[in-house]
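This report describes selected features of one protein model and its bound ligand. Please keep the sequence and the structure in view while reading.

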Amino acid sequence: MAAETRVAYVSGEFRPETEATVSVYDLGVLYGQMVFEFSRTFGLKPFRMEHHLIRLFASMKYSGIDCGMTMEEMNDATNETLERNKHLLADGDDYGIWHNVSAGPMEFQAEASRDGFGPTVIISVWPISLTKPVQWKLYDTGINAIITAQRSVPARLIDPKVKNRSRMHYRMADLQAAKVREGAWALLTDEDGFITEGSGANFMIVRDGELVSPEPRNTLRGVTRGAIIELAESQGIPFVEDNIDAYDVYNAAEAFYCSTSFAIMPVITVDGHQLSDAVPGPVTQRLTDAFADDAGIDFVAQAKRLHGIA
Ligand SMILES: Cc1ncc(COP(=O)(O)O)c(C=O)c1O
């Protein structure tokens with residue numbers, strides 16, 4: 001008998017993920033016109049889901065996509081997706097949750113699409129331990145970051161606050177970083193050379209005991225970043241937003257990327273310049289501990305346990 005597969009929510013129905021499909025004429029497929037969210041659970045409880053759904057609905061509003069659901073309905077469908085899949089998760093693991101939304105196929109192509117005309121709303125779950133499996137050892141070793149020639153898309157063109165699927169520039173940045181150093185993570189800049197973010201994460205440095213985030217005009221306003229800013233405040237760690245450049249980053253005491261799947265991941269070098277001796281540095285460690293307290297789970301220990309990292 002075939003193994004039971006996870007189910008995904010696709011525009012009002014639950015289907016086995018192996019059979020969950022979208023139309024070949026979906027505007028997300030044809031033109032990359034799709035908005036999305038990636039959230040996760042800690043101890044199987046969704047983390048800051050409200051923040052993710054607010055951002056999803058803001059992204060839809062910006063791009064004129066009507067998903068035909070209220071935020072409450074989206075939340076209910078998310079909880080139901082989790083509920084229907086939780087028995088398939090390995091002990092001690094958690095789920096990453098994808099929301100992908102497009103306007104669906106164009107009206108004149110509806111008859112060629114199984115679900116006809118109307119928005120495509122996909123909610124699917126994926127074990128967090130299987131999300132970018134190579135990344136988990138980096139809690140101990142730190143990330144080698146490379147500032148790429150590839151720039152961020154400026155807000156005056158397509159606002160990066162919109163979490164959208166037109167992500168070719170992130171791929172180019174990843175390819176460039178990998179050519180310079182195997183396994184390196186991309187760090188992008190804006191048109192003026194100020195640091196923006198990574199290809200799937202925000203970025204922060206520690207300078208003179210202060211936590212510094214790139215001025216976020218040309219970045220996604222990460223939910224993890226938001227949580228870290230609140231934690232810094234409660235920990236008495238001063239926080240500022242500033243235009244920072246390569247000079248500031250090379251001379252930083254500490255740096256880290258932050259994003260939903262891994263929360264906080266320390267950086268050891270940027271363009272070959274070593275930042276701190278210890279990984280993670282002391283402020284990064286304090287924020288990691290505070291984040292784990294807030295999430296109710298030691299996510300670093302969890303990731304190491306699931307990947308057999310001592
Ligand atoms: C470009 C970019 N920046 C930042 C983030 C971090 O956002 P969040 O903390 O909401 O996961 C992501 C997450 O995927 C991203 O793709």
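## The ligand and its surroundings

In this model, a polar atom in the side chain of T260 lies 2.6 Å from an oxygen atom of the ligand. The protein covers 96% of the 390 Å² of accessible area that the ligand has on its own. The model is a predicted one.

Which residues come nearest to the ligand? Of the 17 residues around it, these are K163, R167, E197, T224 and T260. The table gives the distances for three of the side chains concerned.

| Side chain | Ligand atom | Distance |
|---|---|---|
| K163 | oxygen | 2.5 Å |
| E197 | nitrogen | 2.7 Å |
| T260 | oxygen | 2.6 Å |

Three elements give two or more residues to the shell around the ligand: α2 (49-62), α6 (223-234) and β12 (254-259).

## Two buried serines in strands

The residue T260 also appears among the contacts of S39, a serine of the protein. S39 belongs to strand β3, which comprises residues 34-42. Is S39 buried or exposed? Its relative accessibility is 0%, and S39 therefore counts as buried, the cut-off being under 20%. When neighbours within four places in sequence are left aside, S39 is in contact with M49, H52, Y95, G96, I97, H99 and T260.

A second serine, S102, is located in strand β5, residues 95-102. S102 likewise counts as buried, because its relative accessibility is 0%. Its side chain is joined to that of D26 by a polar contact of 2.6 Å. Apart from neighbours within four places in sequence, the residues in contact with S102 are D26, G28, Q33, M34, I65, P119 and T120. S102 can also be compared with E72: the two are 30 residues apart in sequence, and their C-alpha atoms are 19 Å apart in space.

## A buried serine in a loop

S23 is found in the loop between β2 (13-16) and α1 (27-31). S23 has a relative accessible area of 14% and is therefore buried, since this value falls under the 20% cut-off. Which residues does S23 touch, if those up to four places away in sequence are not counted? They are V29, P105 and S113. With S113 there is in addition a polar contact between the two side chains, at 2.8 Å.

## Helix α5

Helix α5 consists of 13 residues, 168-180. At 1.5 Å a residue, the helix should span 18 Å; its end C-alpha atoms are 19 Å apart, which agrees.

The buried residues of α5 are H169, Y170, A173 and A177. Why do they lie on the same side of the helix? They cover an arc of only 100 degrees around the axis, and this places them on the same side of α5. A general rule is relevant here: an α-helix has 3.6 residues a turn, so residues three or four places apart point the same way. On the other side of α5, the residues M168, R171 and K179 are exposed. The cover over the buried residues of α5 includes the strands β7 (143-147) and β8 (185-187).

## Helix α8 and the residues at its ends

Helix α8 has 14 residues. The distance from its first C-alpha to its last is 20 Å, close to the 20 Å expected at 1.5 Å a residue. Its buried residues are V283, T284, L287, T288, A290, F291, A292 and A295. After α8 comes G296, with a positive phi near 80 degrees.

The loop between β14 (273-274) and α8 (282-295) contains P280. A cis peptide bond joins V279 and P280, with omega at about -5 degrees.

## Positive phi outside glycine

Two further residues have a positive phi although they are not glycines. In S11, phi is near 45 degrees. S11 is placed in the loop between β1 (7-10) and β2, and its relative accessibility of 34% makes it count as partly exposed. In D271, phi is about 50 degrees. D271 lies in the loop between β13 (263-270) and β14. At 28% relative accessibility, D271 too counts as partly exposed.

Key. Residues numbered from 1 in each chain as written. Predicted model: local features only at pLDDT ≥ 70, side-chain atom pairs only at ≥ 80, totals over all residues. Heavy atoms only, no water. Helix = DSSP H or I, 4+ residues; strand = E, 2+ residues; numbered from the N terminus. Expected span 1.5 Å × (residues − 1). Buried < 20%, exposed > 50% of the residue type's maximum accessible area, 1.4 Å probe, protein only. Arc of directions from axis to C-beta. Contact = heavy atoms within 4.5 Å. Near = heavy atom within 4 Å. Polar contact = N/O pair within 3.5 Å; in protein donor to acceptor, adjacent residues only side chain to side chain. Areas by Shrake-Rupley, 256 points an atom, 1.4 Å probe, with all protein chains shown as cover.
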